[in-house]
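Thanks for coming, everyone. I'll walk through one protein model today, piece by piece. Please have a look at it first.

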Amino acid sequence: MEIEVKNNLGKTLKSLDLDPSVWGQDFNADLLHQSIHVYLANQRQWTKGTKTRANVNYAGQKLRPQKGSGRARVGSKRSPIMVGGGVAHGPHPKNIRKLLNKKMRSKALKVALSAKLKDSEVNIIEKMPVSESPSTKNVIDCLSSLELKGSILFVTNGNNKTLKKSCENIENVEV
């Protein structure tokens with residue numbers, strides 16, 4: 001598999017050979033769906049909760065005698081049937097972290113990258129659009145010359161602060 005390496009103006013300079021074990025995977029919709037489901041589930045907070053009868057703050061004394069009043073037996077003010085008592089079946093805080101196996105995670109990433117490459121949504125640029133000082137204008141000119149549209153993700157081999165600063169004000173562009 002080969003991909004073209006372009007310069008900032010969109011002209012092809014050379015081509016690179018890509019590893020087919022990463023970029024040549026068959027599309028697996030079930031695995032992608034599962035990995036996205038796990039990712040979104042782990043983004044949730046899961047902090048909603050109500051107090052159970054163990055968490056409600058009341059004294060442990062009996063409200064009235066067991067017999068003799070003619071009324072029903074009541075053991076505790078914390079009971080869910082009492083006003084101000086704990087909630088029986090409310091949303092209690094829970095830890096619902098989902099996991100994927102390491103092999104499944106790496107395979108899902110490879111499948112996603114392969115799908116992006118097949119749809120020709122992967123571009124390799126030889127040199128970054130900004131060099132020393134941050135310049136949003138240079139990045140916008142580069143994106144228009146490369147005819148890139150939609151959501152754009154710049155992947156660099158290090159923490160490029162000038163590129164990050166240059167792309168802060170551009171919509172749908174991440175570094």
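Which backbone oxygen lies 2.7 Å from a polar atom of the side chain of S166? The backbone oxygen of T162. Keep that pair in mind while we look around S166.

Before that, a word on what you are seeing. This is a predicted model. The average pLDDT of the protein is 90, and 100% of the residues score at least 70. Among the elements, helix 2 has the highest mean pLDDT, 96. Strand 3, residues 124-125, has the lowest, 88. A general caution applies: where pLDDT is low, the predicted coordinates should not be read in detail.

Back to S166. This serine lies in helix 5, residues 161-166. Is S166 buried or exposed? Buried: its relative accessibility is 0%, and the cut-off for buried is under 20%. What does S166 touch, not counting residues up to four places away in sequence? V130, P134, S135, T136 and V139.

Now the helices. Let's start with helix 2, which covers residues 29-43. Helix 2 has 15 residues. At 1.5 Å a residue they should span 21 Å, and the end C-alpha atoms are 21 Å apart, so the two values agree. The buried residues here are L31, L32, S35, V38 and A41. Here is a general point to help you read that list. An α-helix has 3.6 residues a turn, so residues three or four places apart point the same way. And what do the buried residues of helix 2 pack against? Helix 3.

So on to helix 3, residues 102-118. Helix 3 has 17 residues. From first C-alpha to last it reaches 24 Å, close to the 24 Å expected. Its buried residues are A108, V111, S114, A115 and L117. They pack against strand 1 (2-6), helix 1 (20-23) and helix 2.

What follows helix 3? S120, with a positive phi. S120 is found in the loop between helix 3 and strand 3. Its phi is near 50 degrees, and this is a residue other than glycine. S120 counts as exposed because its relative accessible area is 59%, and the cut-off for exposed is over 50%.

Next, the loop between helix 2 and helix 3. I'll take several residues from it.

W46 is found in this loop. Phi of W46 is near 60 degrees, again a positive value in a residue other than glycine. What sits over the ring of W46? The charged end of R44, 4.0 Å from the ring centre. As for aromatic pairs, the count comes to zero.

Q66 is in this loop as well. Q66 is partly exposed, at 39% relative accessible area. The side chain of Q66 makes a polar contact with the side chain of K62, at 3.1 Å.

S76 has its place in the loop too. Is S76 buried or exposed? Buried, with a relative accessible area of 17%. A polar atom of the S76 side chain lies 3.0 Å from the backbone nitrogen of R78. Beyond its neighbours within four places in sequence, S76 is in contact with R53, L63 and M82.

The last stop in this loop is A88. A88 is partly exposed, at 45% relative accessible area. How far apart in space are A88 and K51, C-alpha to C-alpha? The answer is 8.7 Å, with their positions 37 residues apart in sequence as the separation.

One more site, back towards the start of the chain. D17 is found in strand 2, residues 12-17. D17 counts as exposed, at 64% relative accessibility. D17 and M1 are 16 residues apart along the chain. Their C-alpha atoms are separated by 5.7 Å. Leaving aside neighbours within four places in sequence, D17 is in contact with M1 and E2.

To recap. The buried residues of helix 2 pack against helix 3. S166 is buried at 0%, whereas D17 is exposed at 64%. In the loop, R44 has its charged end over the ring of W46. That's my tour; thank you.

Note on methods. Residues are numbered from 1 along each chain as its sequence is written. This is a predicted model: local features need pLDDT of at least 70, side-chain atom pairs count only at pLDDT 80 or more; totals for chains, interfaces and linings use all residues. Side-chain values use heavy atoms; hydrogens and water are left out. Helices (H or I, at least four residues) and strands (E, at least two) are DSSP runs, numbered from the N terminus. Buried means under 20% relative accessible area, exposed over 50%, partly exposed in between (1.4 Å probe, protein chains only). A polar contact is a pair of N or O atoms within 3.5 Å; within protein, one must be able to donate a hydrogen and the other to accept it, and residues adjacent in sequence count only if both atoms are side-chain atoms. Contact means heavy atoms within 4.5 Å. Rings of Phe, Tyr and Trp (its six-membered ring) pair if their centres lie within 6.5 Å; planes under 30 degrees apart count as stacked, over 60 as edge-to-face and the rest as tilted. A charge sits over a ring if NZ of Lys or CZ of Arg is within 6 Å of the ring centre and within 35 degrees of the ring normal. The expected span of a helix is 1.5 Å times one less than its number of residues. pLDDT is the predictor's confidence in each residue, from 0 to 100.
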